[in-house]
Amino acid sequence: MSGSLVLAVESSCDETGVALVADGRRILASVVASQVALHAPTGGIVPEVAARAHLRWIVPTLAEAWSDAGVSWSDVDAVAVTSGPGLAGSLLVGINFAKALAYVHELPLVGVNHLEGHLYAAWLEDATDPAREEPELPALALIVSGGHTFLSVTRRGLRHEHLGGTVDDAAGEAFDKVGRLLGLPYPGGPAIARAAESAVRHEVRFPRAWLPGTDDFSFSGLKTAALRVVAEARTVAGIDLADRETPLPGPVVAELAWGFQDAVVDVLATKTIRAAERVGAATIVLGGGVAANTALRARLAGEAEALGIPFVVPAPDLCTDNGAMIGAAGARRFTAGERAGLDLDARPTWPLGAP
Amino acid sequence: MYPRDVPAAPDDLVVETHDSSETRALGARLATVARPGDVLALHGDLGAGKTELAKGFGRGLGVTDTVASPSFILMAEHAGRVPFFHIDLYRLDGADAAVGAGLLDERESEGVTLIEWAERLGDELPAARLDVTIDVVDDTDRRIRLHATDADHGRYLRVAR
């Protein structure tokens, strides 16, 4: 890896990301145009997602990355791009853009799995913790976002085994939907975490779906549970059944938010620690947008420390979708000799660990 | 299998399910008559059981990978007896967004398409389809109304009971 400079492009979902990454580890530039950030004020809806917006943002994103990086095309060794999983139309915007760059600048092209990118985000240098070393293998990873929730183990470089994942809703999706049911603003993750902080009683208990004997998760039952506790809380608060406008009092919402978050964090952390012990993990890695949740980070950090296993979580802006993580994975693929042709195609359903 | 010229009426059917496994079983029954080009439009509130029905539908199509909620990824594709396109418009506010996201794709004519939060497609919703509306009765019970908008999709009503 040493000596490689990779220009990386990510466009699999809502974020358009371009980054320049040296040695698979050092970020020279990482720029993300986020449609979620652009459209959050409209109340949780993304009016123009994916393909069309990627087209609009990808060139300005590249230009900004170049102005940040302080290098030139002659320094670049390869172009890496997310080729799956994701929406075909969105992936193709990034893929075709990367192909054009590789062709024009006569550079090798590397196709990267988005989920592998989330994993290798933990291998990127952390500006706030420059002394941190690369995670040791085997690494047990919990990747949690709006679209994905899974456990995997990496025993050797670039060899990942998917251990289990959600059978219904992703953890981030559960945060968003239950946030909506509680009347909290979008995005639901930060809103629930904020509300939960002001809870004092800590008595509300949401059900846990343990799915014993598997590394799988299930979070869809939490919606039904939330519907029930919200209805009960409204009755207790004396709000008429026909009245759908009056919001629940803030302190009540706080307790419900805490109870929900506690259930999600409990299941995620417990199953992650169990899997880490079982596979003999030398490191536990957390990634994906939900890694920004402080309750989850604190719980996993505490339990990992008790076991004496180092715990690594990237900076928040490297946990959400970005180009740098694709550069981290792409540099490893490039160094391993992988090359994609100009016929590189989108793989909307590409699972982690599949060739 | 049923002939394609199924008579038009009666084109409505109500099925009650008493837990999520019954909702999945209904999905699996529906899948037995699925053909390329079919569209199932699912309607119902958060937590009603749309994804449960989709999971059963996938199972009935012989899909072996996990059919999870595509709310954030917008569309999931699965290989089954016929290709299965599972779309979720939860995060979108209208047909323009769905078209812009590339969710309505020519390839879908080669498979069966199931759309959660389908009403958000408005006029872009294919005219020939099976509407599946899930109402929450209580914690576990659901009232599921099936409505075929054309004679062809009427074949689903025959296997739903």
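The following paragraphs describe the nonpolar cores of chain A, the interface between chain B and chain A, and the surroundings of A:Thr166 in a predicted model.

The largest nonpolar core comprises 55 residues, of which A:Leu140, A:Phe260 and A:Leu268 touch the most other members. Two or more residues of this core are supplied by each of several elements of chain A, namely the strands S6 (139-144), S7 (149-156) and S9 (283-287) together with the helices H5 (171-181), H6 (188-197), H7 (221-236), H8 (250-279) and H9 (294-307). Among these elements, H8(A) makes the greatest contribution to the core, giving 16 residues. The contacts of A:Leu140, when residues up to four places away in sequence are not counted, include A:Leu151, A:Ser152, A:Val153 and A:Leu163, and they also include A:Thr272, A:Ala275, A:Ala276, A:Val279, A:Ala281, A:Thr283, A:Ile284 and A:Val285. Another core lies apart from the one just described and has 31 residues, with A:Val21, A:Tyr120, A:Ala141 and A:Leu352 among them. In soluble globular proteins, nonpolar side chains tend to be buried together.

The contact between the two chains involves 32 residues of chain A and 27 residues of chain B, and the area buried between them is about 2400 Å², with carbon and sulfur atoms giving 57%. On the side of chain B, the residues that lose the most area to chain A are B:Leu46, B:Phe72 and B:Arg91, which together make up 28% of what that side buries. Two salt bridges are counted between chain B and chain A, and the side chain of B:Arg91 meets that of A:Asp14 in a salt bridge with an N to O distance of 2.6 Å. Eight residue pairs are in polar contact across this interface. Helix H2 (50-60), strand S3 (75-78) and helix H3 (95-100) of chain B each give two or more residues to the side that touches chain A, and H3(B) gives the most, with three residues. By residue type, this side of chain B divides into twelve nonpolar, ten charged and five polar residues.

A:Thr166 is placed in the loop between strand S8 (159-165) and H5 of chain A. This residue counts as buried because the relative accessible area of A:Thr166 is 12%, which falls under the 20% limit. A polar atom of the A:Thr166 side chain lies 2.6 Å from the backbone oxygen of A:Asp169. When residues up to four places away in sequence are not counted, A:Thr166 touches A:Thr149, A:Phe217 and A:Phe219 in chain A, as well as B:Thr66 and B:Ala68 in chain B.

How values were computed:
Residues are numbered from 1 along each chain as its sequence is written. Chains are lettered from A and ligands numbered from 1 in the order in which they are written. This is a predicted model: local features need pLDDT of at least 70, side-chain atom pairs count only at pLDDT 80 or more; totals for chains, interfaces and linings use all residues. Side-chain values use heavy atoms; hydrogens and water are left out. A nonpolar core is a set of buried Ala, Val, Leu, Ile, Met, Phe, Trp, Tyr and Cys residues joined through side-chain atoms within 4.5 Å. Buried means under 20% relative accessible area, exposed over 50%, partly exposed in between (1.4 Å probe, protein chains only). Helices (H or I, at least four residues) and strands (E, at least two) are DSSP runs, numbered from the N terminus. Contact means heavy atoms within 4.5 Å. Buried area is the accessible area (1.4 Å probe) that two parts lose on being put together, summed over both. A salt bridge is a side-chain nitrogen of Lys or Arg within 4 Å of a carboxyl oxygen of Asp or Glu. A polar contact is a pair of N or O atoms within 3.5 Å; within protein, one must be able to donate a hydrogen and the other to accept it, and residues adjacent in sequence count only if both atoms are side-chain atoms. Ala, Val, Leu, Ile, Met, Phe, Trp, Tyr, Cys and Pro count as nonpolar, Asp, Glu, Lys and Arg as charged, and the others, Gly among them, as polar.
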